[in-house]
Amino acid sequence: MEPEYFTESGTLFNDSQRGIASDSLPMGTVVELSNPVTGKSAVTTVIDALPELPEGRDTAVTEATAELLGMQDTGLAELKISVIREGTIRKGNNENTGWYYFDLGTYTDTKTVATLYMRLHENNLRPFIEIENGSVHLYVRHVMAYQLEWAEERIALSGVEPPEPLTEPNPYS
């Protein structure tokens, strides 16, 4: 996995954080990985899809995950994968993509919307604005199904009553 790119799950790739890429498990799936050779295990989430892995490989892990599993020297291991919770996002599924957004309303006061935008950004959300007839429409976009509760809490921390989430197309398909 290359640094400085967005993963299939919509997050910026970070090799120093736990993560797994899979060509068969949906995004957001939480798994326990076990390395029978080292006896080490790690719990992580499917954050990326790599359908073009070499034959015989169906997953790739971040450096942080490889270190936890004791495989950082070899880079390869026969891992046991146990699904803890299956994710909701399957590549190419546009009926229910597992992606959501929050419509936070339209504002005429640019100072208010700028302050809210910065608060949302500081709370690790993806705020998005559209200009409409001299007003600014504010959204939080690209929220995965398993992040909904977390996003609602972060929106509330930013000073906005979280509205009902709305489905959106998968931005990465």
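A residue is called buried here when its relative accessible area is under 20%, and exposed when that value is over 50%. With this in hand, helix H2 offers a friendly way into the structure, which is a predicted model. The buried residues of H2 are Val-113, Leu-116 and Leu-120. Viewed along the helix axis, these buried residues fall within an arc of 65 degrees, so they line one face of H2. An α-helix has 3.6 residues a turn, so residues three or four places apart point the same way. On the other side of H2, Thr-110, Lys-111 and Glu-122 are exposed. The cover over the buried residues of H2 includes strand E6, strand E7 (127–132), strand E8 and helix H3.

The length and the ends of H2 can be described as well. Its 13 residues, at 1.5 Å a residue, should span 18 Å, and the C-alpha atoms at its ends are 18 Å apart, which agrees. At the start of the helix, a side-chain oxygen of Asp-109 comes to within 3.2 Å of the backbone nitrogen of Lys-111. Just after the helix, Asn-124 adopts a positive phi of about 65 degrees.

Several of the elements around H2 also meet in a core. The largest nonpolar core has 16 residues, and those touching the most other members are Phe-102, Leu-104, Leu-120, Leu-138, Val-140 and Ile-155. Two or more residues of this core come from each of E6, H2 (110–122), E8 and H3 (148–157). Val-140 gives a view of the packing: beyond its neighbours within four places in sequence, Val-140 is in contact with Tyr-101, Phe-102, Leu-104, Leu-120, Leu-125, Arg-126, Pro-127 and Ile-155. Another core, of 14 residues, lies apart from the largest one, and Leu-33, Ala-49, Val-61 and Leu-69 are among its members.

Strand E6 takes part in two pairings. With E8 (residues 135–144), E6 (residues 99–107) pairs in the antiparallel sense over 7 bridges, and Gly-105 stands opposite Leu-138 of E8. E6 is also joined to strand E9 (residues 166–168) by 3 bridges, again antiparallel, with Tyr-101 opposite Leu-166 of E9.

These parts can now be placed in the whole chain. The protein chain holds 3 helices and 9 strands, and from the N terminus on they run β-β-β-β-α-β-β-α-β-β-α-β. Of its 173 residues, 38% are buried. Among contacts between residues at least 6 apart in sequence, 69% join residues at least 24 apart.

Conventions: Residues numbered from 1 in each chain as written. Predicted model: local features only at pLDDT ≥ 70, side-chain atom pairs only at ≥ 80, totals over all residues. Heavy atoms only, no water. Pairing = 2+ DSSP bridges. Helix = DSSP H or I, 4+ residues; strand = E, 2+ residues; numbered from the N terminus. Core = buried A, V, L, I, M, F, W, Y, C linked by side-chain atoms within 4.5 Å. Buried < 20%, exposed > 50% of the residue type's maximum accessible area, 1.4 Å probe, protein only. Contact = heavy atoms within 4.5 Å. Expected span 1.5 Å × (residues − 1). Arc of directions from axis to C-beta. Polar contact = N/O pair within 3.5 Å; in protein donor to acceptor, adjacent residues only side chain to side chain.
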